[in-house]
Amino acid sequence: MGSSITTLLVLVGLLFLNLVAAQNDTSFVFSSFDCMKDSHLKCSGDSSTSGQGPLNLTAVTTGSVGHALYTPGIRFLDPATSKTSSFSTNFTFSIQRVNSGSQAAGEGLAFVILSNPNFTGSGGGFLGVYGSDGRAGAPTLAVEFDTFKDVKTGNFTFNDINNNHVGLDLDSINSKAQVDAAPAGVILYKASSVTAWVEYSAPTDVQHPVRFVP
Ligand SMILES: [Ca+2]
């Protein structure tokens, strides 16, 4: 774990999501964030806003965890047909190392779609999404932007490839697929900002989990 490393995670820009379902299309844009005034934004843990636009997902303390969820939620599965919805989203974030002398940054952030919005995961390598057993206890999809190579916490062993990767997580913090961000010219914890796209085309798996614009 990056227990001695503090990192401030900031969602700095536009969060856009477009959902195309069989019956209902949903689309929303956050051009700024206000945890107190926006009824569609549920902030918990250490996440906060100042009313100036950005959303701070964590505080500048070791082990900080924060969440921001779109509420009241979106139905991705049609129970009548068992068909899932296609969606696309893009968002811009900044990972700011506080311990500037460190060569690493902990731990990262994740875009999540979760079926139990009240579940609070563990900190550190579990990214606030999964419990200390590496699971969320309910169907969960996450695209993680991981800035610390975790090896083992307690009895749990991580499969991180390095400290600068993007992973596709299905019900587990141990990713089904991981991609090194460096060949795309992106160092997640050094870039002033990163804009990411996540696209899903139903009923196949994620075709292009993440594309980068350095
Ligand atoms: Ca990690």
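The questions below concern the strands and the nonpolar core of this chain, which is a predicted model.

Q: What makes β11 a strand that is largely enclosed by the rest of the structure?
A: A residue counts as buried if 20 or more other C-beta atoms lie within 10 Å of its own, and seven of the seven residues of β11 are buried, so this strand is largely enclosed by the rest of the structure. The burial holds on both sides, since Thr140, Ala142, Glu144 and Asp146 point one way from β11 while Leu141, Val143 and Phe145 point the other way, and all are buried. In a regular strand the side chains alternate between the two faces of the sheet.

Q: How do you know that β10 and β11 pair, and in which sense?
A: Two strands pair if DSSP finds at least two bridges between them, and β10 and β11 are joined over seven bridges, in the antiparallel sense, so the criterion is met. One of the residue pairs involved is Ala110 with Glu144, its bridge partner in β11.

Q: How do you know that β11 also pairs with β14, and how many bridges join them?
A: Six bridges join β11 to β14 (residues 165-170), and these strands run antiparallel; the requirement is at least two bridges, so the two strands count as paired. Here the bridge partner of Ala142 is Asp169 in β14.

Q: Why are β10 and β15 called edge strands?
A: The open sheet has four strands in the order β10-β11-β14-β15, with antiparallel pairing, and β10 and β15 (177-180) are its edge strands, each pairing on one side only. The twist averages 10° from one strand to the next. For β15, the pairing is with β14, over four bridges in the antiparallel sense, and within it Leu168 stands opposite Ala177.

Q: What makes a residue part of a nonpolar core, and which members of the largest one touch the most others?
A: Membership requires a buried residue of a listed nonpolar type, joined to others through C-beta atoms within 7 Å; of the 31 residues in the largest core, Ala110, Val129 and Ala142 touch the most other members. The elements that give two or more residues to this core are β9 (86-97), β10 (108-114), β11 (140-146) and β16 (194-200).

Q: Which residues is Ala110 in contact with, leaving aside its neighbours within four places in sequence?
A: Contact means C-beta atoms within 7 Å, and on that basis Ala110 is in contact with Leu127, Val129, Ala142, Val143, Glu144 and Phe145.

How values were computed:
Residues numbered from 1 in each chain as written. Predicted model: local features only at pLDDT ≥ 70, side-chain atom pairs only at ≥ 80, totals over all residues. Buried ≥ 20, exposed ≤ 12 C-beta atoms within 10 Å, placed from the backbone. Contact = placed C-beta atoms within 7 Å. Axes fitted to C-alpha atoms, helices over the stretch in contact; angles between N-to-C directions.
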